[in-house]
Amino acid sequence: MTTRFFGAPVKRNEDRKLLTGQALFIDDVELPGMQHAAFLRSQVAHARIKGIDVSRALQRPGVTAVYTANDLGAYWRPGPLLVPPPPIPGSVFNERTQVPLAKDKVRHVGEPLAIVVADSRYIAEDALDDIVVDLEILPAVVDCEGALNTATHVHDDLGSNISAHVRQTKGDYRRAAANAHLILKRRFLYEHGISSPIETRGVVAQWDARGAQMTIWDTTQAPVFVRNGLAAILGLGERQVRVIAPFIGGGFGPKIMMFYPEEVMLPWISMRLNRPVKWIEDRLEHFFSTTHERGQIHDAEIALAADGRILGIKDVFLHDAGAYAPYGLTVPINSQCTLLGPYVVPDYDSTFTAVFTNLPIVTPYRGAGRQHGVFVMERFLDLAAHELKIDPAEIRRRNLIPPDAFPYKNEIIYQDFQPLVYDSGNYEPVLDKALELIGYDHFIRDEQPRLRAEGRCVGIAVACYVEGTGIGPYEGAKVQIQSNGKVNVATGIGTQGQGHFTSFAQIVADELGVDVTDVDIVTGDTDQFYWGAGTFASRGAVVAGTAVSEASRAVRKKALKLASDAFECSEEDLVLADGQVAITGIPGKFIRLGDLARRANPMRGAVAPGTEPGLESTQYFGPSMGATSNGVHAAIIEVDPQTFDVEVLKYVVVHDCGTVINPMILAGQIHGGVAQGIGNAFYEKLSFDEQGQLLNASLADYLLPTALEVPRMELDHTVTPSPLNPLGMKGAGEAGAIPVGPLFAQAIEDALDLKRQEVELLEIPLSPSRLFELTRKARNA
Amino acid sequence: MQPERHDIELSVNGTTCRRTVESRILLSDFLRHDLGLAGTHVGCEHGACGACTILFDGAPIRSCLMLAVQANGHELSTVEGLAGNDGELHPIQQAMHDHHGLQCGYCTPGILMTMTAYLKQNPQPSEHEVREALSGNLCRCTGYQNVVDAMLAAAQTLRAAP
């Protein structure tokens with residue numbers, strides 16, 4: 001294989017459609033006779049349902065149907081558990097999953113109570129006001145700690161609010177504590193927000209009674225799982241259900257939460273009415289009907305040697321699961337595992353309790369709990385550096401896993417059920433590059449003293465992280481050369497802006513000697529590709545990309561074999577390039593790939609036994625475990641001491657995600673991740689009151705960073721190939737977002753010289769007003 | 001009660017359209033679902049995200065904050081009208097492609113329309129000015145950097161154009 005395209009910053013195939021308004025997004029699906037749905041959602045967080053009267057709504061002109069839980073009969077049942085708990089001995093896991101429509105109780109604001117189907121969305125929303133709901137309002141459980149000390153239970157039958165309890169250990173923390181020169185204990189609060197894609201969710205379901213076929217357009221990251229699950233729920237065969245994930249306007253995790261009430265209700269209604277039905281989430285709904293990530297409280301301690309080496313860490317944390325926990329333990333397990341970072345931690349003792357609250361459901365959002373763990377570790381290293389009078393970058397360097405220690409075994413179980421093993425890595429050069437790019441020594445020695453003398457509050461920070469990526473189980477791809485010479489590739493994952501139409505095409509183009517623009521990629525249509533898992537955990541490029549590569553290679557072999565038969569020459573004499581197979585050294589002796597594809601499907605004659613018609617191949621790839629990427633972010637920031645507004649003066653990301661398919665697309669992933677990380681660190685906070693009401697459920701009040709808040713970033717990378725796949729790739733989708741919280745905390749502390757005031761920033765998100773509060777005590781003292 | 005309906009006539013991308021609409025129909029819904037111009041995207045329906053930005057008599061507006069009836073007698077431009085009839089991308093579209101200024105592409109039409117108007121008004125913006133002009137359009141994928149670079153490049157191309 002030549003590598004003309006692999007590794008090159010090839011411009012994207014998908015751009016033209018998107019730039020000219022021709023890409024099909026969910027709300028662009030228009031079908032004859034289509035009905036429109038609107039959901040009546042609970043306005044309170046916790047209540048017993050005494051009755052729902054929909055009679056007036058049914059009388060409104062234009063309303064076709066109204067359904068409540070009681071209309072669903074046997075169809076009403078809790079959704080499936082998507083990810084069962086990993087096999088960790090002694091774990092407690094209480095399975096409680098969301099329901100299609102609330103029946104006896106509502107458990108969070110926004111939980112659907114009824115659905116109206118009408119001729120237009122306008123009429124459907126009018127009819128919501130006609131429905132009378134009788135609720136007995138109950139006290140709401142809204143914080144993790146309170147949840148464990150209250151007689152109010154989110155799930156009455158459970159007798160507590162414990163969703164799960166898991167302990168994982170490595171070595172013996174008591175040994176570390178006994179030998180420690182320094183032990184630090186702190187409480188850390190970390191809240192992650194909501195993913196807020198600019199396109200909200202949506203579902204269109206079309207039942208074709210004559211063909212007994214269900215077609216569902218869905219803003220999902222995992223169309224194959226949705227197809228399988230909905231077929232089972234609807235009592236249909238998988239071949240009767242086609243799920244299409246069209247162009248999707250951003251996902252970032254929550255669009256993989258499967259069997260949302262809307263996904264379950266729309267197909268059922270379409271079957272009952274024998275009409276297509278559409279539901280598009282509005283932004284207000286999005287704030288509490290799409291899943292969140294939210295908060296954890298960590299009570300942790302770290303044991304250190306005098307030279308700053310980590311001896312051990314003990315962590316006990318609470319995780320807010322929300323009202324239901326369909327995604328199992330993925331988020332808190334990620335926190336537990338990723339806390340260890342790129343460092344040698346000989347003894348580790350980590351216990352978490354996940355609690356049910358009367359708040360929206362928590363499932364993974366870009367980073368998926370990794371941020372929470374990384375915050376604890378990185379803040380501890382800053383605190384330890386201060387106590388031990390070691391430079392913050394130096395204390396990190398001293399603890400990095402050395403390059404000869406890979407594969408590095410962490411002796412605990414990861415979210416993919418496999419032991420947490422880092423496949424490969426070389427961490428110190430990444431740190432060195434980041435320090436060099438940010439000008440670390442120069443800033444501390446010259447710049448900072450100079451600027452401080454001018455009265456400016458400037459600070460620097462550096463933070464390290466690892467990212468478990470590219471997990472199994474598997475993905476597949478079908479590569480087919482068509483008679484027009486174009487190559488068609490179908491894969492089962494969904495795509496939400498990651499550039500799959502281009503990065504996969506690059507892999508194919510190199511293998512088959514065609515141009516990237518001659519490769520058409522189809523993602524997210526279960527009729528085009530039957531098998532797969534989905535786009536999550538930074539796995540698309542790694543897992544599906546490898547399958548695409550394997551399938552292309554098989555097609556290449558077929559093409560060369562066929563051409564060698566046609567030319568009666570040896571395959572070694574053939575060269576595959578420019579969309580044709582040519583005989584080396586004989587000008588004009590060639591056959592176009594399209595013609596070859598036609599020959600592979602003859603009208604007469606025989607296809608020899610053991611061969612298949614066509615130039616196509618389907619291949620699958622399942623990695624034995626996830627590949628671990630790593631990186632370092634560094635920043636110089638300035639804080640306005642009056643307003644506590646923060647300006648990022650310089651931002652550097654150096655990372656290692658193995659071999660890179662398309663550095664332009666990779667840079668875009670990092671940029672976007674950092675932007676979300678900045679939002680999480682300093683702007684985005686879900687503000688709930690004690691009744692479980694979200695007080696800032698609009699984009700005017702929940703602050704997504706704009707072009708003015710996100711700085712220019714300088715990127716660099718190193719390449720340590722993964723041994724887990726033939727191309728040596730690791731994932732990168734979440735890398736940008738993971739360490740920004742601790743980076744901001746560290747930089748702000750430095751800028752305001754908070755250590756001298758004995759103020760520690762042990763929580764995220766921060767904000768100007770929160771900084772004002774946290775420093776007020778110091779000012780008053 | 002029958003909803004009040006109005007006859008309206010407006011120009012969209014140079015084509016005259018006549019329709020009868022309910023008074024309450026949002027301009028964004030009218031463009032997308034009545035005229036089939038689905039390139040204008042809806043992100044928040046409260047004027048915060050900018051995805052639905054179109055040009056209204058040449059000025060960028062949020063089509064989710066207007067009613068279709070208010071467009072009666074006006075000239076509108078949407079993303080569908082940006083590229084030439086021969087399919088040649090507008091310099092702003094081309095620059096977004098060249099600089100990888102879009103990922104999921106959902107916010108892109110709004111950004112294109114906002115910046116088409118802005119670069120006419122300020123053909124030689126600084127990076128900070130571009131960022132300010134962009135700050136009313138939320139993008140959750142790109143971190144804006146490549147969008148900013150695309151706009152600076154587009155400004156240059158447009159200045160050089162005859």
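## Residues with positive phi

In this predicted model, A:Asp753 is exposed, because only 12 or fewer C-beta neighbours are needed for that class and A:Asp753 has 12 other C-beta atoms within 10 Å. The residue lies in the loop between helix H18 (740-751) and S30 of chain A. Its phi is near 50°, a positive value in a residue other than glycine. Most residues other than glycine have a negative phi, and most peptide bonds are trans.

B:Tyr144 also departs from this pattern, with a positive phi of about 70° although it is not a glycine. B:Tyr144 sits in the loop between helix H4 (127-134) and helix H5 (145-160) of chain B. With 29 C-beta neighbours inside 10 Å, B:Tyr144 counts as buried, whereas A:Asp753 is exposed.

## Cis peptide bonds

Chain A has a cis peptide bond between A:Phe406 and A:Pro407, with omega about -5°. A:Pro407 belongs to the loop between helix H11 (392-399) and strand S17 (408-413) of chain A.

Another cis bond runs from A:Ile764 to A:Pro765, where omega is near 5°. A:Pro765 is placed in the loop between strand S30 (763-764) and helix H19 (768-780) of chain A. S30 of chain A also borders the loop that holds A:Asp753.

## Strand S28 of chain A and its partners

Strand S28 (residues 646-656) of chain A is mostly covered, with 8 of its 11 residues buried. S28(A) runs antiparallel to strand S27 (residues 627-639) of chain A, and 10 bridges join the two. Within this pairing, A:Ile637 has A:Val648 of S28(A) as its bridge partner. The hairpin of S27(A) and S28(A) has 6 residues between the strands, and in it A:Phe644 takes a positive phi near 60°.

S28(A) is also joined to strand S29 (residues 714-717) of chain A, here in parallel and by 4 bridges. A:His655 has A:His717 of S29(A) as its bridge partner. Together with helix H17 (residues 663-683) of chain A, S28(A) and S29(A) make a right-handed β-α-β unit.

## Contact between the chains

The contact takes 42 residues from chain B and 41 residues from chain A. On the side of chain B that touches chain A, the elements giving two or more residues are helix H2 (91-98), helix H3 (108-121), H4 and H5 of chain B. H2(B) supplies the largest share of that side, 4 residues. By residue class, the side of chain B that touches chain A divides into 20 nonpolar, 15 polar and 7 charged. H4 and H5 of chain B, both among the contributing elements, also flank the loop that holds B:Tyr144.

Terms used
Residues numbered from 1 in each chain as written. Chains lettered and ligands numbered in written order. Predicted model: local features only at pLDDT ≥ 70, side-chain atom pairs only at ≥ 80, totals over all residues. Buried ≥ 20, exposed ≤ 12 C-beta atoms within 10 Å, placed from the backbone. Contact = placed C-beta atoms within 7 Å. Nonpolar A, V, L, I, M, F, W, Y, C, P; charged D, E, K, R; others polar. Pairing = 2+ DSSP bridges. Right-handed = clockwise from strand over helix to strand, strands pointing away.
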